[in-house]
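Take a look at the model below. Start with the protein chains, then turn to the nucleic acid.

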There are 2 protein chains.
Amino acid sequence: MSLLNPKKEQEREALCATLLKEKGLSVTAPRKLILGLLLKEHGPFSAEEIQKKLPKNSCDQATIYRCLNQFVETQLVNTSFLEKDMAHFEYNDPHHHHHHIICKICKKIESFHECLMEKIETNLLRKGYKDIQHRLEFFAVCETCAKG
Amino acid sequence: MSLLNPKKEQEREALCATLLKEKGLSVTAPRKLILGLLLKEHGPFSAEEIQKKLPKNSCDQATIYRCLNQFVETQLVNTSFLEKDMAHFEYNDPHHHHHHIICKICKKIESFHECLMEKIETNLLRKGYKDIQHRLEFFAVCETCAKG
DNA sequence: GTATTTTTGCAAATTACTTGCAAAAACATT
DNA sequence: AATGTTTTTGCAAGTAATTTGCAAAAATAC
């Protein structure tokens with residue numbers, strides 16, 4: 001069931017419901033809308049961008065944040081802090097592991113699939129990027145907490 | 001004034017001044033204190049932690065943020081968003097490139113020097129970490145902005 | 001269909017971080 | 001070393017993303 005981008009609205013709706021249930025989340029209108037959007041468009045998007053993309057007044061912003069946090073906790077969605085005071089969110093498709101590059105000036109975000117840093121940097125240089133920096137961070141449960 | 005290592009203390013002060021001048025920043029008391037701390041202790045630290053570590057009332061928090069931002073702009077310091085609503089700062093020692101792992105529960109932060117992801121993950125698993133995720137992000141100036 | 005649990009919307013609160021401004025410190029020049 | 005200019009600082013108030021308390025509404029369980 002690895003439909004990255006089901007073409008039909010209906011398929012996406014069904015996938016949303018399945019994914020939510022798999023994670024033990026009840027299937028509500030806002031959750032379907034938000035997750036549906038993230039399945040349909042690639043992002044990463046800020047909470048504000050997500051709200052603007054949804055039908056007007058279909059979701060309160062508090063609801064959007066609550067849903068996104070649940071999606072992150074259940075690993076349906078990944079967060080990144082490409083801009084320093086705003087999180088971005090993106091559907092976590094395990095078959096399309098990738099990373100981002102953001103322009104320090106115009107903030108344009110692009111994705112790439114390479115995963116060895118020297119190769120990545122070489123490719124980015126070839127594409128014309130200058131002044132490249134990267135940040136790699138791991139998140140896990142430490143041994144102490146895993147036992148407790 | 002460290003009683004333990006006056007020689008090193010002096011060296012650090014001199015290094016601070018040199019680093020600041022190299023980056024075109026004037027040498028002020030707050031900048032010496034903050035950069036000095038980051039040279040002495042490894043971090044990464046939040047702005048609040050930095051303030052607490054400095055002599056009481058030696059720096060306003062606005063000054064701390066302003067200095068840290070200048071240090072980041074001049075690449076004297078690196079930022080990370082290990083916790084979602086708070087930046088952490090660390091001296092950017094080009095000879096000690098490394099990354100971090102934060103426990104999802106207790107928030108303890110550790111550093112490591114490996115830089116190939118499979119190797120890193122294997123090592124972390126060996127150390128007892130579970131449920132490992134990572135985030136790798138690049139920051140650069142894109143071709144368009146480099147021309148403009 | 002009804003009861004119970006969960007989620008939502010709204011408005012207010014929180015908090016990391018930023019900013020305007022006057023005083024103080026740093027720097028350049030003599 | 002004193003002077004004038006520029007930069008930086010401290011303070012207090014402001015900003016903006018995100019969170020939270022609570023009552024009403026929707027989802028799930030029975």
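What follows covers the contact between two chains and then the surroundings of one DNA strand.

The model is predicted. Begin where chain A meets chain B. In this interface, 46 residues of chain A are in contact with 46 residues of chain B. The size of an interface is often given as the accessible area lost when the parts come together. For this pair of chains that area is about 4600 Å², with 60% of it on carbon and sulfur atoms. Three residues stand out on one side: R135(A), F138(A) and F139(A) supply 20% of what chain A buries against chain B, more than any other three residues.

Which kinds of polar interaction cross between the chains? The rule finds zero salt bridges across the interface of chain A and chain B. Polar contacts are found there, with 24 residue pairs, both partners at pLDDT 80 or more.

Now sort the chain A side by element. Two or more residues each come from strand 1 (77–83), strand 3 (99–103), helix 5 (117–126), strand 5 (130–141) and helix 6 (143–147) of chain A. Strand 5 gives the most, with twelve residues. By residue class, the side of chain A that touches chain B holds 23 nonpolar, twelve polar and eleven charged residues.

Strand 5 of chain A also has a pairing partner across the interface. It pairs with strand 6 (residues 130–141) of chain B, in the antiparallel sense, over nine bridges. Within this region, L136(A) stands opposite L136(B) of strand 6.

Next, the DNA. How many residues surround DNA strand C? There are 23, and the closest are T28(A), R31(A), T63(A), R66(A) and V27(B). Sugar or phosphate accounts for 70% of the atoms of DNA strand C within 4 Å of the protein, and bases account for the rest.

Some side chains can be placed against the phosphates. A polar side-chain atom of R31(A) lies 2.3 Å from a phosphate oxygen of DNA strand C. For T28(A), an N or O atom in the side chain is 2.7 Å from a phosphate oxygen of this strand. Chain B takes part too: a polar side-chain atom of Y65(B) lies 2.8 Å from a phosphate oxygen of DNA strand C.

Both chains shape this surface. Helix 2 (29–40) and helix 4 (61–73) of chain A, together with helix 4 (61–73) and strand 3 (86–91) of chain B, each give two or more residues. Helix 4 of chain B has the largest share, five residues. By class, the surface near DNA strand C divides into nine nonpolar, eight polar and six charged residues.

Conventions:
Residues are numbered from 1 along each chain as its sequence is written. Chains are lettered from A and ligands numbered from 1 in the order in which they are written. Side-chain values use heavy atoms; hydrogens and water are left out. Contact means heavy atoms within 4.5 Å. Buried area is the accessible area (1.4 Å probe) that two parts lose on being put together, summed over both. A salt bridge is a side-chain nitrogen of Lys or Arg within 4 Å of a carboxyl oxygen of Asp or Glu. A polar contact is a pair of N or O atoms within 3.5 Å; within protein, one must be able to donate a hydrogen and the other to accept it, and residues adjacent in sequence count only if both atoms are side-chain atoms. Helices (H or I, at least four residues) and strands (E, at least two) are DSSP runs, numbered from the N terminus. Ala, Val, Leu, Ile, Met, Phe, Trp, Tyr, Cys and Pro count as nonpolar, Asp, Glu, Lys and Arg as charged, and the others, Gly among them, as polar. Two strands pair if DSSP finds at least two bridges between them. A residue is near a molecule or strand if one of its heavy atoms lies within 4 Å of it.
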